[in-house]
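Reader: I am new to reading protein models, and I would like to learn how to go from a single residue to the whole chain. Could we work through one together?

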Amino acid sequence: MHASIAETYMTTCRAPTKPWINQKKELNTIYQKLYSSTQYKNEFEQSQKAWLNYRDKQCNGYIAAEASQSQGAGSGLITKDCLVTITKQRVDYLKTLLIK
């Protein structure tokens, strides 16, 4: 039995994408390196929590609401692209802290 279009859509939109998985892994790796090397663990942890809150509200709130106007699988892809893009920006920034 073949999956319906709706089932396929739901699976596609919920399934993690490879770029998203890679960005999450890289973010976690860099975070752990910085966390273990800083004497300001509490401040760094609070900063990361605030950033995660921003990312989630931006991508799953505002962008998701805007994307909901799209039809088809586009809205889920727009939200995932937001998560990948903003996470990559954070990864790039944290990399600069590793160099210092």
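Author: Let us begin with Ala64, which is found in helix 3, and keep in mind that this is a predicted model.

Reader: Is Ala64 buried, exposed or partly exposed?

Author: The general idea is to compare the relative accessibility with two cut-offs, since buried means under 20% and exposed means over 50%. Ala64 has a relative accessibility of 24%, and therefore counts as partly exposed.

Reader: Which residues does Ala64 touch, leaving aside those up to four places away in sequence?

Author: With those set aside, Ala64 touches Cys59 and Thr79. Distance along the chain and distance in space are separate things to read: Ala64 and Ile78 are 14 residues apart in sequence, while their C-alpha atoms are 7.6 Å apart in space.

Reader: Cys59 has come up as a neighbour of Ala64; which residue does a disulfide join to Cys59?

Author: A disulfide is a covalent bond between the sulfur atoms of two cysteines. Here the partner of Cys59 is Cys82, with an S to S distance of 2.1 Å, and the angle of -75 degrees about the S-S bond makes the link left-handed. Cys59 lies in helix 3 and Cys82 in helix 4, which covers residues 74–99, so the pair ties together parts that are 23 residues apart in sequence. As for accessibility, Cys59 counts as buried because its value is 0%, and Cys82, with a relative accessible area of 10%, is buried as well.

Reader: How can I check whether the length of helix 3 agrees with its number of residues?

Author: One compares an expected span with the distance between the end C-alpha atoms, and for helix 3, residues 41–67, the 27 residues should span 39 Å at 1.5 Å a residue, while the ends are 36 Å apart, which agrees. Helix 3 also has a kink of about 30 degrees, and that kink is centred on Gln58.

Reader: Which residues of helix 3 are buried?

Author: They are Phe44, Gln48, Trp51, Arg55, Cys59, Ile63 and Ala67, so Cys59, at 0%, belongs to this list.

Reader: How many helices and strands are there in the protein?

Author: The protein has four helices and zero strands, giving the pattern α-α-α-α along the sequence. Of its 100 residues, 26% are buried. Looking at contacts between residues at least 6 apart in sequence, one finds that 71% of them join residues at least 24 apart. Finally, the protein exposes about 7100 Å², of which carbon and sulfur atoms supply 57%.

Terms used:
Residues are numbered from 1 along each chain as its sequence is written. This is a predicted model: local features need pLDDT of at least 70, side-chain atom pairs count only at pLDDT 80 or more; totals for chains, interfaces and linings use all residues. Side-chain values use heavy atoms; hydrogens and water are left out. Helices (H or I, at least four residues) and strands (E, at least two) are DSSP runs, numbered from the N terminus. The expected span of a helix is 1.5 Å times one less than its number of residues. The bend at a residue is the angle between axes fitted to the seven residues ending there and the seven starting there. Buried means under 20% relative accessible area, exposed over 50%, partly exposed in between (1.4 Å probe, protein chains only). Contact means heavy atoms within 4.5 Å. Accessible areas come from the Shrake-Rupley method with a 1.4 Å probe; for residues, only the protein chains shown count as cover. A disulfide is a pair of cysteine sulfur atoms within 2.5 Å.
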